[in-house]
Amino acid sequence: MDVYEAVRSRRAVRGFTDRQVPRDVLERVLSAAAWSPSGSNLQPWRIYVVTGGPLGELKKRAGERVAAGDPWDERQYEMYPADLKSPYRERRSAFGQERYSALGITHEDWEARQRAAAANWDCFGAPAALFCYIDRDMGRPQWADLGMYLQTVMLLLRAEGLHSCPQMAWSVYRKTVAEIVSPPDELILFCGMSIGFEDVTVKYVRTGRAPLAGTVTFVEG
């Protein structure tokens, strides 16, 4: 698979089979992803990969919190601006509509929407999960480095025939994740990522993208 095909075929998959992901494949992907760019080569990402029994326990504990209506852990960063302006507000709204429409869930069916959201904390059935942390002393440029690293991981997973789903949703159950991976106190959980083989029976709608002119300006001589 060439790079263009990896980029085009990468998407947030929300339905995985229970087929196990070989350890050597994960090691190969993450060893190559280590070459991702970062300012002054700080490499600010700290990664925990969870599979098998520990992942099953994490899903169980998270599911118990969901079932009990346990309050979310306090946020350590703002996922979206409180007053999301145009065109970002419209893009987010369109995503939600497309996502839930594919599942046959109406805007008014709040309980069904909640059940669909709760699948995040089961990793959508994936047999492997990655959790990306960053030192709380790092600044915005280093958080941007995380994005470049995670995109590299996701493209390499596609090259291996795997899919993924990056999930900031795990940040609101960060204490439960910490119970399993025991990160040092100086680290902040940025996101999780479900990894596995796609369950092709799960319905989805491929979300669109803004036209090139909507995000790119060429300044030419």
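Q: Where does Gly161 lie, and what phi does it take?
A: Gly161 comes just after helix H6 and takes a positive phi of about 80°. The model is predicted: local features require pLDDT of at least 70 and side-chain atom pairs pLDDT 80 or more, while totals for chains, interfaces and linings use all residues. Residues are numbered from 1 along each chain as its sequence is written, and side-chain values use heavy atoms, with hydrogens and water left out.

Q: How do you know that the length of H6 is close to the expected one?
A: Helices are DSSP runs of H or I with at least four residues, strands are runs of E with at least two, and both are numbered from the N terminus. H6 covers residues 140–159, which is 20 residues, and reaches 29 Å from its first C-alpha to its last. The expected span is 1.5 Å times one less than the number of residues. For H6 that gives 28 Å, and the span in the model is close to it.

Q: Which residues of H6 are buried, and what do they pack against?
A: Buried means under 20% relative accessible area, exposed means over 50%, and partly exposed lies in between, for a 1.4 Å probe and protein chains only. In H6 the buried residues include Tyr149, Leu150, Val153 and Leu157, and also Asp145 and Arg158. The buried residues of H6 pack against helices H1 (3–9) and H2 (23–33) and against strands S1 (45–51), S2 (128–135), S3 (163–167) and S4 (187–196).

Q: Why are H2 and H6 called oblique?
A: Two packed helices are described by the angle between their axes and the distance between the axes. Axes are lines fitted to C-alpha atoms, for helices over the stretch in contact, and angles run from 0 to 180 degrees between N-to-C directions. The axes of H2 and H6 are 9 Å apart, at an angle of about 140°. Angles under 35 degrees count as roughly parallel, over 145 as roughly antiparallel, 65 to 115 as roughly perpendicular and the rest as oblique. H2 and H6 are therefore oblique to each other. Contact, meaning heavy atoms within 4.5 Å, is made by Val29, Leu30, Ala32 and Ala33 of H2 and by Tyr149, Thr152, Val153, Leu156 and Leu157 of H6.

Q: How many residues of each class make up the contact of H2 with H6?
A: Ala, Val, Leu, Ile, Met, Phe, Trp, Tyr, Cys and Pro count as nonpolar, Asp, Glu, Lys and Arg as charged, and the others, Gly among them, as polar. The contact of H2 with H6 therefore divides into eight nonpolar, one polar and no charged residues.

Q: What makes H3 and H7 roughly antiparallel?
A: The axes of H3 (residues 52–68) and H7 (residues 174–181) come within 10 Å and cross at roughly 155°. This angle makes H3 roughly antiparallel to H7, as it is over 145 degrees.

Q: Which residues of H3 and H7 meet, and how many of them are charged?
A: Pro54, Glu57, Leu58, Arg61, Ala62 and Arg65 in H3 meet Lys175, Thr176, Val177, Glu179 and Ile180 in H7. The contact of H3 with H7 has five nonpolar, one polar and five charged residues.

Q: Why is Asp73 called buried?
A: Asp73 lies in the loop between H3 and helix H4 (88–102). At 7% relative accessibility, Asp73 counts as buried. Leaving out residues up to four places away in sequence, Asp73 touches Arg65, Val172, Tyr173, Arg174, Lys175 and Thr176.

Q: What makes Tyr173 buried, and which residues does it touch?
A: Tyr173 is in the loop between S3 and H7. Its relative accessible area is 2%, which means that Tyr173 is buried. Not counting residues up to four places away in sequence, Tyr173 touches Ala62, Arg65, Val66, Asp70, Trp72, Asp73 and Trp121. Tyr173 and Val66 are 107 residues apart in sequence and 9.7 Å apart in space, C-alpha to C-alpha.

Q: Do Asn41 and Gln43 count as buried, partly exposed or exposed, and why?
A: Asn41 lies in the loop between H2 and S1, as does Gln43. Asn41 counts as exposed because its relative accessibility is 51%. Gln43, at 35% relative accessibility, counts as partly exposed. Asn41 has a positive phi of about 60° although it is not a glycine, and phi of Gln43 is near 50°.
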